[in-house]
Every structure is written in C-alpha cells, then in structure tokens.
Amino acid sequence: MSVSLDFLSQQNKQLQERLDRLEEENRALKNSIYQLSLWHNLALSSPGRVQPFDFDQQVTKMVQELRYTNQETTRNVGNTKNTNTMFRCKYDLHGHEGAVYMVKFSPTGHLLASGSYDKTIRIWDVECHQPQVSCLAEHKALISDLDWYSDSSKLVTTSYDKTVRVWDIKAPQTSINTFNLTGFGLCSVFNPTDHNLVIATDSKQMIFVFDARVSTSPILQRMNDSSVHSM
C-alpha cells in the first residue's frame with residue numbers, strides 16, 4: 001500500500017511539473033504573439049523600411065515618425081477649408097464570450113471574420129443590420145489566426161488545439177478539411193492561386209504544407225530556427 005501511494009505521489013508530482021511547463025509555454029507564446037503583433041502593426045504604418053527583430057530601436061524610431069506624421073496630418077486638416085472625411089462607428093459586433101485575437105476583412109470587403117479566446121470564429125456581414133452570419137465552433141482551444149482565400153469563398157483557421165481547419169463560407173456548419181499539427185497552431189494561409197494548398201506553423205517551430213486533395217497529412221514539413229507567428 002505504501003509503495004502504491006509513493007508511486008501515485010510521484011506520478012502526481014510529474015504531472016504537476018508538466019502542467020507548470022505547459023502553462024509557462026502558453027504565457028510565453030501569448031507574450032510573443034502580442035510583441036510581434038505590435039511590431040508588425042507599427043512596421044506597416046512606418047514610411048521607411050524596417051529591419052526585422054531590432055525591436056527597441058525600430059519601435060522608438062517608428063513612434064517618433066508616427067508622431068511627426070500625425071502632427072503634419074492634423075496641421076493639413078486644420079488648414080483645409082472644406083473636408084468631407086468623416087469617421088464613425090458603424091457597428092458594435094457582440095457575440096464573442098472571450099478576448100478577440102484576430103480580425104480580417106474578406107477580399108470582397110463584404111464579410112468580416114473574427115477569432116476569439118472562446119474557441120469560435122464568427123462571420124459578420126458588415127453591410128447588414130443584423131451582421132452575424134455564422135459561428136464556426138469546432139475548435140477546442142483559442143483561435144490564433146485566420147485567413148481568407150482570394151475569392152472570399154473559403155476561410156482557414158488555426159487554433160491552440162493543434163489543428164487547422166478549412167471552411168466553405170456558403171456552408172459553414174462544419175469544416176470541410178482538418179489538418180493536424182504537432183504543437184499549438186500559430187498561423188496559416190492559403191496558397192494565393194490554389195485553395196487546396198494550405199501553409200501552417202506551430203509552436204514546435206514546424207512549417208507544414210497541406211494539400212486537401214491528397215490527405216490530412218502534410219505533403220511537406222520543415223523545422224525552422226524559431227517559431228513562425230505570421231506569414
């Protein structure tokens with residue numbers, strides 16, 4: 001009996017250590033996603049070319065440039081006698097029950113997709129008075145990324161449940177393809193010219209290429225030097 005209790009105690013300790021490591025990895029991934037998102041957004045707004053991964057110097061430079069740009073814009077608008085430019089909130093989109101991590105307009109501009117901590121992806125019609133079109137709810141963990149195909153007919157989503165799913169927007173009740181990853185899903189994109197090809201990455205520094213016409217297994221996989229959070 002004593003031996004059995006000692007064995008169970010040891011197993012419990014090992015499981016707790018594993019859980020602590022996973023929680024630490026999860027926190028580190030969330031922090032990494034936030035930092036990369038901040039740097040990426042600032043880079044897109046900068047008029048100059050940004051050298052990757054020199055965060056402190058580049059962010060400071062970009063903030064200074066953005067402040068100068070904003071000052072010039074404000075000055076130019078103030079000197080304009082007549083302006084018809086107006087910005088207003090069109091919709092407050094309610095439905096998610098957790099933090100929203102990813103939002104993307106479809107290429108046509110009519111639909112908006114949002115991915116959340118609540119494990120769902122919601123499709124919104126931005127030209128409708130009742131904007132939520134559908135709720136995609138097959139993932140078992142938070143949504144980390146999503147991407148539209150070029151004609152807005154399909155959506156690919158990535159999750160921390162270690163899967164990538166492809167959805168037909170005309171029949172979104174169930175996903176039409178599911179691809180398995182080795183770690184937490186970080187990002188995925190369609191091949192711009194072939195909706196059957198999907199490229200995805202995970203937290204174990206892997207990059208996968210899937211072909212929906214072949215199988216759910218990757219047709220190509222490579223390990224990168226570090227995790228890839230955006231493509």
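Of the 231 residues of the protein, 35% count as buried. The model described here is a predicted one. Its secondary structure comes to two helices and 12 strands, and a walk along the sequence meets them in the pattern α-α-β-β-β-β-β-β-β-β-β-β-β-β. The accessible surface adds up to about 15,100 Å², with 52% of that area belonging to carbon and sulfur atoms. Among contacts with a separation of 6 or more, 37% join residues 24 or more positions apart.

A good place to begin the tour is helix α1, which covers residues 2-45 and includes L5. On the surface, L5 joins F7 and L8 in a nonpolar patch, and together these residues have about 320 Å² of accessible area.

The strands offer a different kind of picture, and β10 is a helpful example. Strand β10 spans residues 194-202, and eight of its nine residues are buried, so the strand is largely enclosed by the rest of the structure. Strand β9 (residues 185-191) pairs with β10 in the antiparallel sense over six bridges, and the hairpin formed by β9 and β10 has two residues between the strands. Strand β11 (residues 206-211) also pairs with β10 in the antiparallel sense, here over five bridges. The hairpin of β10 and β11 has three residues between its strands, and Q205 in the turn shows a positive phi of about 70°. One residue helps to trace these pairings: V198 in β10 is the bridge partner of F190, and V198 also has F210 in β11 as a bridge partner.

Another strand worth a visit is β5 (residues 143-148), where S144 is found. S144 counts as buried because its relative accessible area is 8%, below the 20% cut-off for that class. A polar atom of the S144 side chain lies 3.5 Å from the backbone oxygen of L186. Leaving aside neighbours within four places in sequence, the residues in contact with S144 are M102, T158, S159, Y160, G185 and L186.

Charged residues come next. Side chains of opposite charge can pair when their charged atoms come close. Five salt bridges are found in the whole structure. In one of them, the side chains of D145 and K104 meet at 4.0 Å, N to O. This pair links distant parts of the chain, since D145 sits in strand β5 and K104 in strand β1 (residues 100-105), 41 residues apart. D145 is buried, with a relative accessible area of 7%, whereas K104 is partly exposed at 25%. K104 and D145 are also linked with D147 in a network of salt bridges.

Which residue forms a salt bridge with D194? The partner is R213, with the closest N and O atoms 3.1 Å apart. D194 lies in strand β10 and R213 in the loop between β11 and β12, so the pair ties together parts that are 19 residues apart in sequence. D194 is buried at 18% relative accessible area, while R213 is exposed at 53%. R213 also forms a salt bridge with D211, where the closest N and O atoms are 3.0 Å apart. D211 counts as buried, with 8% relative accessibility.

The loop between β11 and β12 (220-223) also holds A212. A212 is partly exposed, with a relative accessible area of 26%. Although A212 and N177 are 35 residues apart in sequence, their C-alpha atoms are 6.8 Å apart in space. Not counting residues up to four places away in sequence, A212 touches N177, F179 and N196.

Definitions and conventions:
Residues numbered from 1 in each chain as written. Predicted model: local features only at pLDDT ≥ 70, side-chain atom pairs only at ≥ 80, totals over all residues. Heavy atoms only, no water. Patch = residues over 30% accessible without salt bridge, like charges linked within 9 Å, V, L, I, M, F, W, Y side chains within 5 Å. Areas by Shrake-Rupley, 256 points an atom, 1.4 Å probe, with all protein chains shown as cover. Helix = DSSP H or I, 4+ residues; strand = E, 2+ residues; numbered from the N terminus. Buried < 20%, exposed > 50% of the residue type's maximum accessible area, 1.4 Å probe, protein only. Polar contact = N/O pair within 3.5 Å; in protein donor to acceptor, adjacent residues only side chain to side chain. Contact = heavy atoms within 4.5 Å. Pairing = 2+ DSSP bridges.
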